[in-house]
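Me: I'm new to reading protein models, and I'd like a close look at a single part of this one. Please pick one strand and walk me through its surroundings.

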Amino acid sequence: MTEINKIAVMIADDHMLMREGLKQLLELEKDITVVAQAGDGEETIDKAIKYNPHVLLLDINMPKYNGIDVLRRLKDIGINTKIIMLTIHNDKEYLFETIKMGADGYILKDSDADSLIKAIREVYNGRTYIQPSIAKMLVERLNGEDEESDERLQKVKSLTKREYEVLTLIAEGLNNKDIADKLFISEKTVKNHVSSIFKKIGVNDRIQAAIFAFKNNIKKI
């Protein structure tokens, strides 16, 4: 596989050993190449713009600008790079902020190599990726804070059978094209269903919709 056909990854972490370790790990894969590294938020923004990688592994805690500031800046610029947040269990508060801003994936720093590589490939192919343990952590936090279970139940009940089905597939990380193929309907129809789902359950993006699905135990019919 030539370099041009590989998934170009950038690693942003303030620990050099972490960056080097990830680089060596990722470049064992034939379809992945590391094109840039950064040790702080300011450098991350500059290099992300310069190299325009397919996927950015972004540490939440970094000097100069933290991962949230970097994510916000890159989203404002409109960069096409898919962004996976690298987090630890203690980053719960920051994690909620990044969900609101629409990161493409979430994975724990102490994850195994297979999970990280799967996350990179999933977001590269237009899907979202939330590591199961992170999804569980988020659901527990949301359940602990949210007493409006009746209101949430009404939101679920407001979905049509088809919308419910589409929501389960969003939670699996499928993009509109994948959903269309799976349900034998057009992408335009899927897009209309997704817009209706977002409006009914009160969310702004697919990650929030996936969290809603996890939280309300929405599963395939």
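Reply: What follows starts with one strand, moves out to its neighbours and ends with a few other spots.

First, some ground rules. This is a predicted model, where local features need pLDDT of at least 70, side-chain atom pairs count only at pLDDT 80 or more, and totals for chains, interfaces and linings use all residues. Residues are numbered from 1 along each chain as its sequence is written, and side-chain values use heavy atoms, with hydrogens and water left out.

Let's pick strand E1, residues 7–12. Names like that come from DSSP runs numbered from the N terminus: helices (H or I) have at least four residues and strands (E) at least two. E1 is a good choice because pLDDT is the predictor's confidence in each residue, from 0 to 100, and confidence in the protein is highest in E1, with a mean of 96. At the other end sits helix H6 (residues 132–145), where the mean drops to 63, the lowest in the protein. Overall, the mean pLDDT is 85, and 86% of residues reach 70 or more.

Is E1 covered or open? Mostly covered: 6 of its 6 residues are buried. (Buried means under 20% relative accessible area, exposed means over 50%, and partly exposed is in between, using a 1.4 Å probe and protein chains only.) The side chains split into two sets: Ile7, Val9 and Ile11 point one way, while Ala8, Met10 and Ala12 point the other way, and all are buried.

Now for the neighbours. Two strands count as paired if DSSP finds at least two bridges between them. E1 runs parallel to strand E2 (residues 32–38), and 6 bridges join them. Along that pairing, isoleucine 7 has isoleucine 32 as its bridge partner in E2, and valine 9 has valine 34. E2 is also largely enclosed by the rest of the structure, since 6 of its 7 residues are buried.

E1 also pairs with strand E3 (residues 55–59), again in the parallel sense, over 4 bridges. Here valine 9 stands opposite valine 55, and alanine 12 has leucine 58 as its bridge partner.

Zoom out and you get an open sheet of 6 strands, in the order E2-E1-E3-E4-E5-E6, with parallel pairing. E2 and E6 stand at the edges with a single partner strand each, so one side of each has no neighbour in the sheet.

How does the chain get from E1 to E2? Together with helix H1 (residues 16–26), these two strands make a right-handed β-α-β unit. Right-handed means that, with the strands pointing away from you, the path from the first strand over the helix to the second runs clockwise.

Two loops beside E3 hold a quirk each. Asparagine 52, in the loop between helix H2 (41–51) and E3, has a positive phi of about 45° although it is not a glycine. At 42% relative accessibility, asparagine 52 is partly exposed. Lysine 64, in the loop between E3 and helix H3 (67–77), also isn't a glycine, yet has a positive phi of about 70°. With 62% relative accessibility, lysine 64 counts as exposed.

Further along the chain, leucine 167 lies in helix H8 (residues 161–171) and is buried, at 0% relative accessibility. The C-alpha atoms of leucine 167 and phenylalanine 198 are 9.4 Å apart, though 31 residues separate them in sequence.

One last stop: the second largest pocket, with about 230 Å³ of space. Of the 12 residues lining that pocket, the closest to its centre are Tyr129, Ile130, Ala171, Glu172 and Phe214. A pocket, on a 1 Å grid over the protein atoms alone, is an open set of points where a 1.4 Å probe fits, with protein on both sides within 12 Å along at least five of seven lines; lining residues have an atom within 4 Å of a point. Helix H5 (113–124), strand E6 (129–130), H6 and helix H11 (206–215) each supply at least two residues of that lining.

Methods:
Points joined across faces, edges and corners; volume = space filled by probe spheres on them.
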